[in-house]
Amino acid sequence: MARMAQSDEEDRVDARLLAEIAAGSEQAFVELYRRRHNDIYRFAVAMARSRSFAQDVVQEVFLNVLENAGRFDRAKGSARAWLCGCARHLTLDRLRLERRWTDELPADDSAQDGDERLFADQRIERLQAALARLPVEYREALVLVDLQELGYAEAAVVLDCPIGTVRSRLHRGRLALAAMFEERAPCAERADVGAPLQAREVCP
Amino acid sequence: MTDSQHDKLKLQGLQVELAQLRAALRAVEAPAPNEAALRAQFREAVRRKAIEEAMVSRGGGSWRLPLAAAATVVLAIGVAIGALVLRVERPVPEPLAATSPEAASVAVGAFQPLSSAPRLSPSSSYSVVRVRIPLSAFAVVPGTVQDGTIEADLLVGEDGLARGIRFDEADAALVSVAAQSRQ
């Protein structure tokens with residue numbers, strides 16, 4: 001409850017800043033950037049697994065804010081969702097441009113140029129790599145809800161689809177991610193994944 | 001174990017992994033913002049937007065440009081007529097039918113340079129633009145010249161400024177009358 005109230009207050013501040021930016025306030029622009037650039041950066045990192053990619057997305061999102069802050073309508077969703085929506089569109093455009101769609105990626109993890117090692121922990125790195133190989137509609141739902149901790153309703157606004165679609169994409173995405181994560185687990189690790197796996201998979 | 005139970009277990013395991021990824025991702029930070037660059041970006045965007053809005057509003061009022069052009073042409077013609085009047089010696093006003101042939105010969109055929117315009121140069125290129133001007137534009141006192149319009153050729157330089165003017169023979173006579181009515 002306290003978290004919801006905090007989030008509501010944060011959204012009010014963001015909405016006010018967007019209105020001030022639309023009215024020409026430079027200070028509001030700098031403040032909104034400081035507040036939200038990390039959220040956008042993390043979303044793009046999680047989607048594309050690249051820091052330089054994420055940096056470009058942040059840059060473009062705030063250019064978009066400069067152009068379109070006046071179009072933000074709080075009745076349609078939170079300011080955070082609006083910013084995430086901008087980030088999502090720009091991320092998808094860039095992914096399309098760079099042909100980094102999941103189904104075009106080589107099967108071998110190491111074969112992907114431009115990917116960076118983001119996390120020291122190998123398991124986390126492997127999960128991130130598996131996430132980057134999910135079909136994009138599952139990946140974005142997972143990133144928004146499971147990693148960015150947006151509610152279903154907010155995620156539905158960002159993804160521009162009904163809440164039911166968000167739920168089903170999440171369910172399918174999680175199952176696919178779990179399967180990919182297991183597939184790529186080194187044999188030594190597979191025994192830790194869970195009892196069902198031990199019964200079903202036999203390492204050579 | 002059924003498939004759904006298996007999926008449930010897999011998802012539980014995944015939630016643990018996702019929580020770790022979430023925590024690790026929270027520690028990922030974007031490069032610190034360069035405030036000076038941000039402010040410069042903002043100012044540039046505001047400047048660009050202002051230019052775009054100005055262009056849109058100019059495009060929206062599409063009648064303004066032709067109107068301004070027409071006003072410029074009328075002004076140029078006025079200046080031309082003024083120059084013509086000063087050059088042509090016409091001691092006694094004459095009726096239209098008896099228009100002095102000398103006066104007409106000044107304006108007909110050759111371009112008459114405009115006094116306010118830069119000198120014509122043989123090395124420059126010019127365009128000829130045909131314009132239609134109401135006769136009333138030449139009269140200081142309304143009603144002193146007849147209604148109607150005349151056609152004239154404007155000699156326009158590369159900079160868009162009119163350098164000379166030429167009338168048809170019949171129109172030159174009318175202009176002479178109109179010009180005399182100003183004196």
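This is a friendly conversation about how to read a predicted model of two chains, A and B.

Biologist: Before we start, which conventions should I keep in mind?

Modeller: Residues are numbered from 1 along each chain as its sequence is written, while chains are lettered from A and ligands numbered from 1 in the order in which they are written. Since the model is predicted, local features need pLDDT of at least 70 and side-chain atom pairs count only at pLDDT 80 or more, whereas totals for chains, interfaces and linings use all residues.

Biologist: What is pLDDT, and what is the mean for chain A?

Modeller: pLDDT is the predictor's confidence in each residue, from 0 to 100. Chain A averages 82, with 77% of the residues scoring at least 70. Elements here are DSSP runs numbered from the N terminus: helices are H or I with at least four residues, strands are E with at least two. Among the elements of chain A, α6(A) has the highest mean pLDDT, 95, and α10(A) the lowest, 36.

Biologist: Over which residues of chain A does pLDDT stay under 50?

Modeller: One such stretch is residues 102-114 of chain A, for which the model has 12 contacts beyond four places in sequence. Another is residues 191-204 of chain A, with 17 contacts in the model beyond near neighbours in sequence. A contact here means that the C-beta atoms of two residues, placed from the backbone, lie within 7 Å.

Biologist: And where in chain B is confidence lowest and highest?

Modeller: Helix α4 (residues 101-107) of chain B is lowest, at a mean of 44, and helix α1 (residues 3-26) of chain B is highest, at 86. For chain B as a whole the mean pLDDT is 71, and 60% of its residues reach 70 or more. Residues 89-107 of chain B stay under 50, and the model has 26 contacts for them beyond four places in sequence.

Biologist: Now the complex. How many residues of each chain are in contact?

Modeller: In this model, 34 residues of chain A are in contact with 26 residues of chain B. On the side of chain A that touches chain B, at least two residues each come from α2 (26-48), α3 (51-68), α5 (122-132), α6 (136-147), α8 (163-183) and α10 (195-200) of chain A. The largest share, 11 residues, comes from α2(A). For the complex, the predictor gives an ipTM of 0.76 and a pTM of 0.58.

Biologist: How many residues on that side of chain A are nonpolar, polar and charged?

Modeller: Ala, Val, Leu, Ile, Met, Phe, Trp, Tyr, Cys and Pro count as nonpolar, Asp, Glu, Lys and Arg as charged, and the others, Gly among them, as polar. By that scheme, the side of chain A that touches chain B has 20 nonpolar, 6 polar and 8 charged residues.

Biologist: How do I read a helix crossing, say at roughly what angle α7(A) and α8(A) cross?

Modeller: Axes are lines fitted to C-alpha atoms, for helices over the stretch in contact, and angles run from 0 to 180 degrees between N-to-C directions. Angles under 35 degrees count as roughly parallel, over 145 as roughly antiparallel, 65 to 115 as roughly perpendicular and the rest as oblique. The axes of α7(A) and α8(A) come within 8 Å and cross at roughly 95 degrees, which makes the two helices roughly perpendicular. Tyr152(A), Ala153(A), Ala155(A), Ala156(A) and Leu159(A) of α7(A) make the contact with Ile163(A), Val166(A) and Arg167(A) of α8(A). By class, that contact has 7 nonpolar, no polar and 1 charged residues.

Biologist: Which residues of α4(A) meet α7(A)?

Modeller: Ala81(A), Cys84(A), Gly85(A) and Arg88(A) in α4(A) meet Glu154(A), Val157(A) and Val158(A) in α7(A). The axes of α4 (residues 79-98) and α7 (residues 152-159) of chain A come within 8 Å, crossing at roughly 40 degrees, so α4(A) and α7(A) are oblique to each other.

Biologist: Last one: in what order do the strands of the chain B sheet lie?

Modeller: Strands pair if DSSP finds at least two bridges between them. The open sheet of 4 strands in chain B has the order β1-β4-β3-β2, with antiparallel pairing. β1 (112-113) and β2 (126-134) of chain B stand at the edges with a single partner strand each, so one side of each is left without a neighbour in the sheet. β2(B) pairs with β3 (residues 149-157) of chain B over 9 bridges; among them, Ile133(B) has Ile150(B) as its bridge partner. β3(B) and β4(B) form a hairpin with 4 residues between them, and Gly160(B) in the turn has a positive phi of about 90 degrees.
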